[in-house]
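Here is a short tour of one protein model, meant to be read with the structure open beside you. Take your time and rotate the view as you go.

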Amino acid sequence: MSRPQQSAVRNRLLKVLLPADFALLQPHLELIATELRQPLIKPNEPVKQLFFPETGFSSITTQGSDSKVEIGIIGREGLVGVIPLLLGSDRTPHDHFVQSAGEMLGISTDALCGAMGESGSLHKLLLRFAQVQYVQTAQTAFVNASYQIEVRLARWLLMCHDRLDGDELRLTHEFMSMMLGVRRTSATLAVQALEGHRLIKAQRGRMTILNREALETLADDSYGLPEAEYARLIEGA
């Protein structure tokens with residue numbers, strides 16, 4: 001079976017790898033088609049496979065006694081499941097699943113760990129990605145505690161839009177409320193507010209971004225810190 005060429009991959013982490021580092025991973029990369037809400041990494045189970053998203057993206061959620069809240073998003077800028085391995089663990093308490101279907105390049109945990117053992121530059125780049133994910137999670141906590149739901153929704157939609165090829169996102173109000181950690185009625189009211197200002201168009205099971213610039217204005221400084229950190233640490237490395 002043919003393996004992906006670095007010039008053809010869409011994953012931004014793979015794109016910026018040194019050619020020698022990509023060559024270490026290339027024989028182990030397997031293209032996988034993903035489905036909406038497909039489990040990728042289950043809580044408290046050994047991580048056996050990692051995923052470089054090519055299209056679509058993954059949500060990272062934490063579970064309470066009666067609720068689930070999103071704490072992170074990983075799309076083609078990153079690698080799903082690598083954080084616990086970089087920190088010396090073989091598992092995570094958090095759920096990782098497909099939020100937007102597409103394609104991912106899978107690699108076994110053993111293969112990635114072997115490659116990191118051979119290459120300090122690969123290990124360093126993945127540690128930098130871990131820093132970006134830490135900043136994203138910390139920013140999410142700050143925004144959820146400090147901003148009104150309309151601003152939080154604008155930020156979340158921008159983060160999703162960054163990881164999409166088009167302007168349409170498939171989701172329900174119920175699913176969106178879980179991602180934002182609010183009641184469904186609150187999520188519905190926030191959607192209606194953004195739709196009333198013609199920033200988005202909401203239809204059953206999907207939402208379309210109409211005015212990204214206005215969404216960025218509404219989100220203000222709640223959006224952009226992790227993105228700037230990625231540009232500094234990964235693309236500016």
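The notes below go through helices, cores and strands of this predicted model.

## Where α4 meets α5

Let's start with a pair of helices. Two packed helices are described by the angle between their axes and the distance between the axes. Here, helix α4 (residues 109-118) and helix α5 (residues 120-146) have axes that come within 5 Å and cross at roughly 115°. On the α4 side, L112, A115, M116 and E118 make the contact, and α5 brings in G120, L122, H123 and L126. By character, five of these contact residues are nonpolar, two are polar and one is charged.

H123, which belongs to helix α5, is worth a pause. Is it buried, partly exposed or exposed? With a relative accessibility of 31%, H123 counts as partly exposed, because buried means under 20% and exposed means over 50%. Leaving out residues up to four places away in sequence, H123 touches L86 and M116. L105 sits 18 residues from H123 along the chain, and the C-alpha atoms of the two are separated by 18 Å.

## Two nonpolar cores

The largest nonpolar core holds 39 residues, and those touching the most other members are L13, L14, L25, F52, L112 and L126. Helix α5 supplies the largest share of this core, with six residues. L126 shows how such contacts look: beyond residues up to four places away in sequence, L126 touches L13, L79, V82, L86, L112 and M116.

Another core, of 31 residues, lies apart from this one; L157, M159, M176 and M179 are among them.

## The enclosed helix α6

Helix α6 (residues 149-162) is a good place to check helix geometry. At 1.5 Å a residue, its 14 residues should span 20 Å, and the end C-alpha atoms are indeed 20 Å apart, so the expected and modelled spans agree.

How many residues of α6 are buried? The count is 12 of the 14, so the helix is largely enclosed by the rest of the structure. Among the buried residues are W156, L157 and M159, along with R152, R155 and H161.

## A buried threonine in β3

Strand β3 (residues 49-63) contains T61. T61 is buried because its relative accessible area is 1%, and buried means under 20%. Not counting residues up to four places away in sequence, T61 touches K68, V69, E70, I71, H94, D95, F97 and M179.

## The three-stranded sheet

Now for an open sheet of three strands, with the order β6-β8-β7 and antiparallel pairing. The edges are taken by β6 (168-170) and β7 (200-203); each has a single partner strand, so one side of each is left without a neighbour in the sheet. On average, neighbouring strands here are turned by 15° against each other, direction ignored.

β7 and β8 form a hairpin with two residues between them, and G205 in the turn has a positive phi of about 80°. Four bridges join β7 to the antiparallel strand β8 (residues 206-209). Looking along the pair, Q203 stands opposite R206 in β8, while A202 has M207 of β8 as its bridge partner.

Which residues of β7 are on its covered face? In a regular strand the side chains alternate between the two faces of the sheet. In β7, I200 and A202 form the covered face, whereas K201 and Q203 form the uncovered one. Helix α8 (residues 184-196) lies across β7 and β8, running at about 130° to β7.

How values were computed: Residues numbered from 1 in each chain as written. Predicted model: local features only at pLDDT ≥ 70, side-chain atom pairs only at ≥ 80, totals over all residues. Heavy atoms only, no water. Axes fitted to C-alpha atoms, helices over the stretch in contact; angles between N-to-C directions. Contact = heavy atoms within 4.5 Å. Nonpolar A, V, L, I, M, F, W, Y, C, P; charged D, E, K, R; others polar. Pairing = 2+ DSSP bridges. Buried < 20%, exposed > 50% of the residue type's maximum accessible area, 1.4 Å probe, protein only. Expected span 1.5 Å × (residues − 1). Core = buried A, V, L, I, M, F, W, Y, C linked by side-chain atoms within 4.5 Å.
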